[in-house]
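Student: I would like a close look at one part of this model, the packing of a pair of helices. Please then set it beside whatever else can be said with care.

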Amino acid sequence: MTLATGRAPTNPASAAASGGAGAAAAASVQGQPPEPARPRTDRRLSRLRVVLAVGALLFGAAGIVSTQVRADGADDVKSHSGVLIQQAEEIYHRLSDADATAATIYLHVGEAPKPLLDNYDKDLKAAQSALLAATNEAGGDSAAKNSLDQIAQQLPIYAKLNATAAANNLVGYPVGFRYLTQASNLMQSTILPQAQKLSDTEAKNLSAAEDTATQFPWLMVTAAVILVVVLLVVQVRESRRTNRVFNLGLLGATVGLVLSLLWAASADLVQSGHLDKAKKRGSDQVSILATARILSLQARTDEMLTLVGRGTADNMEADYAGTTDASDHHVPGREELLADTLRDAVGIATDRTGTDLATRASEDEGAWRVQHQALRALDQQNQYQKAVDSALGERSFATGQTGAKQAFDKLQDDLEQAIKHSEDAFRTEAKAGADALTGLQIGLGVLAVAMAGAVLLGLGRRIAEYH
Amino acid sequence: MKTKHSRLVRAWGSAAVVAAVGLTAACGQTEKGASKPSSVGPRGGEGIGSGAIPGAPTAPPKPCGPEATAATWHGPLPGPNDPVPAGGTLDKIRKRGFLTVGIDLNTELFGYDPHHTNDPQGFDVDIAKQMARAIFGASDPAHIQFRVVTLADPKTGEFAQLHNGNVDLVVRTTTITCARMQGDKRMSFSNPYYTAAQKLLMPLGEDGKPQPTSLAQLKGTGKKVCATKNSTAIDTIKAQAGDDAAFPVANALDCLALLQQDQVDAIFTDDALLRGMEAQDPHVAITTAPPVQKQPYGIVTGYDPAKPDNDLTPFVNSVLDKVIADPGPNGWRSLFANDLGMSPDSLPEIPGQYPLG
C-alpha cells in the first residue's frame, strides 16, 4: 500500500517508476510542466495525504511488532529458558551429588554421619523439586518432557537400590556393594545422560531465545526506508511546486521518523549488548562451570567406588584416571577432562572475580588430584584405613593436614561460588536486556500517531490553498 | 579306604579329561553357537570374582595330575627360629618381617571385611594366617598383610599382584587347573585346601526348605540361571539348561542381587560362593540336587622361570599337610567349622586329574 504512494504521480512516464527508486521518481518530477489541472492536483494531494498518514501509522505498527519479537525473546531469556536451563542443571548437579554421597555413605563403618545422610536426602528432594518445576515450565517441549519423564521414572528405582545397599552394608553383607554398583550404574548410564540431554535441549532453547531477542528488526527498517523515501520525494516535489522550502507538516513527520529510528536503534543496541553480556559473562560461564562440577562429582564417585570395591571396582579408577592401551591410544579419564574444563573456564572468564574463582577451582582440582594419588598409593600399600580416612577426611595423615575429602570439598565450594557469580551476572544482564526495551513500543506508537497528524496537518494546509 | 577313594577319583578324573578334550576341540564352534557340546568337562574359572577376558588361550592345556602340585619340603619343616636356605623366598619373607597375601574381600565366609575395618575374615584368610604362623610363629597384623587381588583372566589365570611380586601367595577361592599351571602367565599351586563343587542356588521352596531342582531340570522352563561371565559355569548352564537360560554377569555376587530382585531364577557356581550367598540371605538355599563337578582350590604361589624348583610351594604344601592333620583350634577342621558354620564331610581331595582349564 505504501508502494502505491510512489506511483501516485499522474504522469504515465513517472507512473512506471517503482516506489523504491526514489531518485528516478524525483527526476521524472523535474521534467513535468509546472501547472497541471487544478482539480487533479487537489485530488492527488488528498490521496497522498491519506496514504502518508496511513504509512506513518503502519510504520509505527511495524516498529511495535519488531520490538515485540525482540522483547519476547529477551523475556524468554530472562524467565522461561533461563529458568529451565537452571532447573536442568540443578537436576544434573543434585543427582550427581547424590550418587557421590551414596558411595561416601557406604564407605562409613556402621551408621554414616547425619550430615552426610541429610545431604543425600536433600539432594534427592531438591532433584525432585527441580523435576517438578521443570516439568511445569517445559510445557509443550516434548524432548524436554521425555527426558524429565525418564528421570522421574528411574529415580525411585535408584533410591530403592541404594536403600538395599545400605541395609546390607549395615549388617556387613558384601552383596550390598553389588546394589551400590547397580545404583551407580543406573545413575551414571541411564539417569544422568537424560539429565545431560535435558541440559542440552535447554541450552539450545536458550540460544534460540537469544537469537530471537537480538533478531534484526527487518519489518520496521523496511517500513522506515519506504516511508522516508516517499516523504523525501513528496517534500522535494512540494518545495518545487510551491517555492516554499519546507512543508512543516512533512518535515515534522520526517523528524518523527528519524527520532523513532534513533530511539529504536539505541534501545535495540543496549538490549543486544546486555544479552551478549548475559551470554558471555553468564550462561557460557555457567555452562562450562556446571560441566566441571558434574565431572568433579563423577570423579568423586569413581574415587569412592574404587575404595569400596576392594579390588573389584578397579575399572572405576580407570574411569577416573583414564587409560592408555598398548598402541599408545589414550582415553582421558574424568580427572583429565575436569582439569581441561577448568582451564577452559579460566580462559573464557570475562571479569576479575570470575577469573579468580575459576583459577582457584583449577588449583583446587590439582590439589585434589595430588590427594587422590596419595590415597591410591596408600590403598595399594595395604594402608586401606588411611586411604579411607583421606577419602572421608576423618583424621589427619602423615602426608599432611588435609585429605582427599577436604580437597574435594574446597573444589566444590569454589565451583559453587564461581557458578553463583556467573548466574548473578546472567540474571542482571538478562533483566537489563529485557528492561532496555521498556517504553519503546509506546514511544513508537505515540510518534507514529504524531507523524500521521503532522502529515494530515501539513498537506491539509496545502490542499486548502487550492480552495 | 584311601586307595579305593583315589581310584574312584581317578576314574572320575579320566572321564573328565575325555570330556574336556572333546570340549576344547569343539570350543571354536561352540562360541559361534554352531554346535553344542552334550557334556562339559571340568574347566577352571569359577570361584573368582570378576572376569574380563583379554584374548583367547593360545595352546590347549595338557592334562595334569597330582604330581603337578605335589612338591613338599625336603627334610623337617623349619620352625620360626630354625635356619632356612639363604637367598630363598622364605629367607626373603623373614628378612622383610611379614608375609603378604592376596585375598578377596567380597566373598562372604572365605574372604570379606564386613565392617570395612581392614580386618579380613573367612576361611581363605584363616588358611593364609596359618602360613604366617608357620613362618613367624604369629599371625597378627604385624606379621601378615593382606592385599586384594583379582584374576585378570579366569581361563589362563593371572594375578597381576602375584606376578609383579607384590604378594608372596594368593588364597582366594582359586581352582587348580592345568591351564593355569602351564600358560605364559603360569602360577604354582599347592595341593587342594578345599574341594568346591558347582551347585545350584534357588529361593527356598514353598515349604520353606531347599528345592530339589537340578540344572538339567531347568531346561525348557524359561528360567534364567546366573553365573560369572566367561566362566565354565556359563558353559555348563548352556549345555545342561539351554543357551537361553544362561545369564552372565560381571561378578558372581551380582547374581545374588539379581536373584533378590527376581531378575534371575537361580545361581550356578561353586558351593563355596553359594554358601556365602546363603549367609547373606535367609530366603535362598543350595538345592539338594547332586553337584555337577568338583573344583579343587589351591594356594597360589608365583612361578619364577629362573627358579623352576619354586621353594615356596613345597613349604606351603608341608604346612598345609600339618594344618590338615592338626586336631587343635588352628587345625583345618576347626577353621572350616568356625568359618563355614558346619563340619566338613571329608578332607580336601587330591583328584587323579586336575581340571584342564
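Tutor: The crossing of α10(A) and α12(A) is left-handed, a term used when the near helix is turned anticlockwise from the far one by less than a right angle, whereas a clockwise turn is right-handed. Helices here are DSSP runs of H or I with at least four residues, strands are runs of E with at least two, and both are numbered from the N terminus. This is a predicted model, in which local features need pLDDT of at least 70 and side-chain atom pairs count only at pLDDT 80 or more, while totals for chains, interfaces and linings use all residues. Residues are numbered from 1 along each chain as its sequence is written, and chains are lettered from A and ligands numbered from 1 in the order in which they are written.

Helix α10(A) spans residues 248–309 and helix α12(A) residues 334–348, and they pack at an angle of about 160° with their axes 9 Å apart; the axes are lines fitted to C-alpha atoms over the stretch in contact, and the angle, from 0 to 180 degrees, is between N-to-C directions. The two helices are therefore roughly antiparallel, the word for angles over 145 degrees (under 35 is roughly parallel, 65 to 115 roughly perpendicular, the rest oblique). Residues of α10(A), including Ile288(A), Leu289(A), Ala292(A) and Leu295(A), meet residues of α12(A), among them Leu337(A), Leu338(A), Thr341(A) and Ala345(A), where contact requires C-beta atoms, placed from the backbone, within 7 Å. By class, this contact has 10 nonpolar, five polar and five charged residues; Ala, Val, Leu, Ile, Met, Phe, Trp, Tyr, Cys and Pro count as nonpolar, Asp, Glu, Lys and Arg as charged, and the others, Gly among them, as polar.

In chain B, helix α6 (residues 232–241) is largely enclosed by the rest of the structure, because 10 of its 10 residues are buried, that is, with 20 or more other C-beta atoms within 10 Å (12 or fewer is exposed, in between partly exposed). Its buried residues are covered by elements that include β6 (187–203), β7 (225–228), β8 (246–249) and β9 (266–270) of chain B, and just after α6(B), Gly242(B) takes a positive phi of about 100°.

Where the chains touch, chain B gives 24 residues and chain A 17 residues; on the chain B side, β4 (144–148) and α7 (252–260) each supply at least two.

As for confidence, chain B has a mean pLDDT (the predictor's confidence in each residue, from 0 to 100) of 81, with 80% of its residues at 70 or more, although pLDDT stays under 50 over residues 1–57 of chain B. The model scores ipTM 0.74 and pTM 0.77.

Conventions
Two residues are in contact if their C-beta atoms, placed from the backbone, lie within 7 Å.
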